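Trainee: I would like a close look at a single part of this model. Please take the aromatic residues as the starting point and work outwards from there.

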Amino acid sequence: MPNSSFTTHYHLPGLFEFYELYKVFLPLWKEHRDWFYSWCDIGSIYGAPMDCLWGGGRAGFGEADADDVFSLVNEYGISARLTFSNSLLRDEHLSDRKCNLLCALFEKAKEKSGVIVHSDLLKDYLKAKYPGLYLVSSTTKVLTDFDDFVSELNQEDFEYVVPDFRLNKAFDRLQKLSQNQKDKVEFLCNECCNYSCTERKACYENVSRRNLGEVVIEHKCTAPGGEGGYRFSLAKQNPAFIGIRDIQETYLPMGFSNFKLEGRGLGSAIVLEFLLYYMTKPEYQLEVREAIYLDSMLDLF
């Protein structure tokens with residue numbers, strides 16, 4: 001693969017959901033750096049504990065203790081991101097004790113922490129109350145119109161903006177962005193959702209309602225392939241898929257460096273496959289897989 005002056009910053013899923021996986025993976029990342037591509041690093045790990053009122057995107061199931069997670073990211077100097085992308089928050093939700101305590105804790109991290117947000121109400125609240133946290137505009141906004149996406153990039157409140165995956169290959173307009181705008185773009189690489197799906201907003205809203213404790217019927221996707229669940233093999237066939245060769249040969253030379261991997265709602269075994277594919281040299285993938293599979297404390301399934 002060709003060299004580039006840019007470094008790929010991967011934003012990884014499962015801060016709380018896959019704490020046990022990262023507790024094993026991060027020492028490998030640090031101690032065996034030659035096993036991994038030199039042109040990439042870990043920009044952040046994102047997620048949320050279960051039963052978070054402000055949560056969105058996926059129904060949270062993270063059971064890891066917040067202090068343990070805080071200690072892990074501090075030890076390895078990695079930015080933590082709280083996924084608080086609920087789109088339906090009201091004023092009375094802003095006082096939620098659990099979410100406020102999490103923000104207060106991670107604002108103290110050595111490496112600056114962030115919050116992924118959808119709600120403008122929450123964005124303004126966080127900006128005023130926790131100025132030490134940076135803000136990320138969530139892909140749950142489903143920004144499929146490029147002009148809307150540019151408007152989001154131009155908002156000074158956001159350090160990063162995750163567009164809808166269907167803008168991933170809009171190269172004629174992406175290449176015309178300024179470098180400052182490009183530095184804020186965070187592409188969602190491995191989405192498996194059908195490219196023509198029209199239900200993403202409804203799906204995300206359903207999750208927001210469930211996180212608020214409302215009794216709702218779980219959203220059932222009717223898009224082609226939606227009933228089969230996530231398959232990385234299918235994600236690779238998606239027209240919007242961004243693979244490592246795309247990153248090296250197209251996106252990095254064009255000036256983009258931030259790439260998000262989805263997977264909070266998946267199992268740790270499939271997330272490991274993402275870490276192997278996107279970050280690990282092929283000749284060392286077996287070593288990484290063995291080290292993780294043989295850890296007796298980790299249940300990958």
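Which residues form one aromatic cluster?

Mentor: The model is a predicted one, and what follows should be read with that in mind. The cluster is formed by Tyr-10, Tyr-230, Phe-232, Phe-241, Phe-274, Tyr-277 and Tyr-278. Across the protein, the count of aromatic pairs comes to 25. One of them is Tyr-37 with Trp-39, whose ring centres are 4.9 Å apart with planes at 20 degrees; planes under 30 degrees apart count as stacked, so this pair is stacked. Both residues are buried, Tyr-37 as well as Trp-39.

Two rings also have a charged side chain over them. Arg-33 lies over the face of Trp-29, 3.8 Å from the ring centre. Over the ring of Tyr-46 sits the charged end of Lys-260, at 4.5 Å from the centre of that ring.

Helix H11 covers residues 268–279, and Leu-276 lies in this helix. With a relative accessible area of 1%, Leu-276 is buried. Leaving aside residues up to four places away in sequence, Leu-276 touches Gln-285, Val-288 and Arg-289. Arg-289 is 13 residues from Leu-276 along the chain, and the C-alpha atoms of the two are separated by 8.0 Å.

That leads to helix H12, residues 285–293, in which the buried residues are Gln-285, Val-288 and Ile-292. These residues cover an arc of only 70 degrees around the axis, which puts them on the same side of H12. Their packing partners are helix H1 (19–31) and helix H11. Gln-285 and Val-288 are thus named twice, as buried residues of H12 and as contacts of Leu-276.

Next come the charged pairs. The structure holds 12 salt bridges. In one of them, the side chains of Glu-186 and Arg-81 meet at 2.9 Å, N to O. Glu-186 belongs to strand E7 (residues 186–188) and Arg-81 to strand E3 (residues 80–84), so this salt bridge ties together parts that are 105 residues apart in sequence. Glu-186 and Arg-81 are both buried.

Asp-157 takes part in a salt bridge with Lys-123, where the closest N and O atoms are 3.1 Å apart. The position of Asp-157 is in the loop between helix H5 (146–153) and strand E6 (158–161), while Lys-123 is in helix H4 (residues 120–129), so the pair ties together parts 34 residues apart in sequence. Asp-157 counts as partly exposed, at 23% relative accessibility. Lys-123, by contrast, has a relative accessible area of 7% and is buried.

Asp-157 also meets the side chain of Lys-127 in a salt bridge, at 3.0 Å from N to O. This pair, too, links distant parts of the chain, with Asp-157 in the loop between H5 and E6 and Lys-127 in helix H4, 30 residues apart. Lys-127 counts as partly exposed, with 44% relative accessibility. Through shared partners, salt bridges join Lys-123, Asp-124, Lys-127 and Asp-157 into one network.

For backbone geometry, two residues deserve a note. Asp-51 is not a glycine, yet has a positive phi of about 60 degrees. Asp-51 sits in the loop between strand E2 (40–47) and helix H2 (66–76), and counts as exposed at 62% relative accessibility. Val-142, also not a glycine, has a positive phi of about 55 degrees. The place of Val-142 is the loop between strand E5 (134–137) and H5. Unlike Asp-51, which is exposed, Val-142 is buried, its relative accessible area being 12%.

Finally, the setting for these details. The protein has 12 helices and eight strands. Of its 301 residues, 55% are buried. Among contacts with a separation of 6 or more, 77% are between residues 24 or more positions apart. The accessible surface comes to about 13,400 Å², with 49% of it belonging to carbon and sulfur atoms.

Technical notes. Residues are numbered from 1 along each chain as its sequence is written. This is a predicted model: local features need pLDDT of at least 70, side-chain atom pairs count only at pLDDT 80 or more; totals for chains, interfaces and linings use all residues. Side-chain values use heavy atoms; hydrogens and water are left out. Buried means under 20% relative accessible area, exposed over 50%, partly exposed in between (1.4 Å probe, protein chains only). Helices (H or I, at least four residues) and strands (E, at least two) are DSSP runs, numbered from the N terminus. The arc is that of the directions from the helix axis to the C-beta atoms. Contact means heavy atoms within 4.5 Å. A salt bridge is a side-chain nitrogen of Lys or Arg within 4 Å of a carboxyl oxygen of Asp or Glu. Accessible areas come from the Shrake-Rupley method with a 1.4 Å probe; for residues, only the protein chains shown count as cover. Rings of Phe, Tyr and Trp (its six-membered ring) pair if their centres lie within 6.5 Å; planes under 30 degrees apart count as stacked, over 60 as edge-to-face and the rest as tilted. A charge sits over a ring if NZ of Lys or CZ of Arg is within 6 Å of the ring centre and within 35 degrees of the ring normal.
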